[in-house]
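Okay everyone, thanks for coming. Have a look at the model on the screen, and I'll walk you through a few spots in it.

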Amino acid sequence: MDSNKKFMKINKIPRCYVKTFIESLHEQIFSVTFLKRDSTEIREMNCRQHVVKHLKGGERAYEFEEKGLIPVYDLVKSAYRCIPLEGIMTIRAKGEEYRVY
């Protein structure tokens, strides 16, 4: 085994605290693994919250909170995306991994 490899600390976080935890990250970059609502596809995303640089104006078609979604900016695809709260499986931030239960 490579002795230079860093090991990430793994924590557990209850589903009821996921939204609060993600909001506490403010503008920090984090990774999230989640199950999409429309299929059984598992998706992994590197993202940030509160990115406004690429907004084009207009109003939202719906309120994210009412639908159980967290709006983020996908850093790989350079696009705004929404993550379903009930589908989140893991979050990686601050050098640690959090498994949702």
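Let's start with one residue, Ser-31, which you'll find in strand E2, residues 30–35. Is Ser-31 buried or exposed? Its relative accessible area is 13%, and the cut-off for buried is under 20%, so Ser-31 counts as buried. And who does Ser-31 touch? Leaving out residues up to four places away in sequence, the list is Met-45, Asn-46, Thr-90, Ile-91 and Arg-92. With Asn-46 there's also a polar contact between the two side chains, at 2.5 Å.

Before I zoom out, one thing to keep in mind: this is a predicted model.

Okay, the whole chain. We've got 101 residues, and 35% of them count as buried. The secondary structure is one helix and seven strands, and from the N terminus the order goes β-α-β-β-β-β-β-β. If you look at contacts with a separation of 6 or more, 58% of them are between residues 24 or more positions apart. The C-alpha trace spans about 50 × 30 × 25 Å along its principal axes.

Now, how are the seven strands arranged? They make an open sheet with mixed pairing, and the order across it is E1-E7-E6-E2-E3-E4-E5. At the edges you have E1, residues 9–13, and E5, residues 79–84, and each of those pairs on one side only. From one strand to the next, the twist averages 30°. Quick reminder for anyone new to this: strands of a sheet pair through backbone hydrogen bonds, and they can be parallel or antiparallel. Here, E1 and E7 run parallel, joined by five bridges. If you want a spot to find on the screen, look for Lys-12, which sits opposite Arg-99 in E7.

Last topic, the aromatics. How many aromatic pairs does the structure hold? Three, and I'll show you two of them. In one, the ring centres of Phe-21 and Tyr-98 are 4.5 Å apart with the planes at 50°, so we call that pair tilted. Phe-21 is in helix H1, residues 18–24, while Tyr-98 is in strand E7, so this pair ties together parts that are 77 residues apart in sequence. Phe-21 is buried, at 12% relative accessibility, and Tyr-98 is buried at 12% too.

In another, Tyr-62 and Phe-64 sit edge-to-face, 5.7 Å centre to centre with 90° between the planes. Tyr-62 is partly exposed at 36%, whereas Phe-64 counts as buried at 17%.

That's my tour, so over to you for questions.

Conventions. Residues numbered from 1 in each chain as written. Predicted model: local features only at pLDDT ≥ 70, side-chain atom pairs only at ≥ 80, totals over all residues. Heavy atoms only, no water. Pairing = 2+ DSSP bridges. Helix = DSSP H or I, 4+ residues; strand = E, 2+ residues; numbered from the N terminus. Axes fitted to C-alpha atoms, helices over the stretch in contact; angles between N-to-C directions. Buried < 20%, exposed > 50% of the residue type's maximum accessible area, 1.4 Å probe, protein only. Polar contact = N/O pair within 3.5 Å; in protein donor to acceptor, adjacent residues only side chain to side chain. Contact = heavy atoms within 4.5 Å. Phe/Tyr/Trp six-rings, centres within 6.5 Å; stacked < 30°, edge-to-face > 60°.
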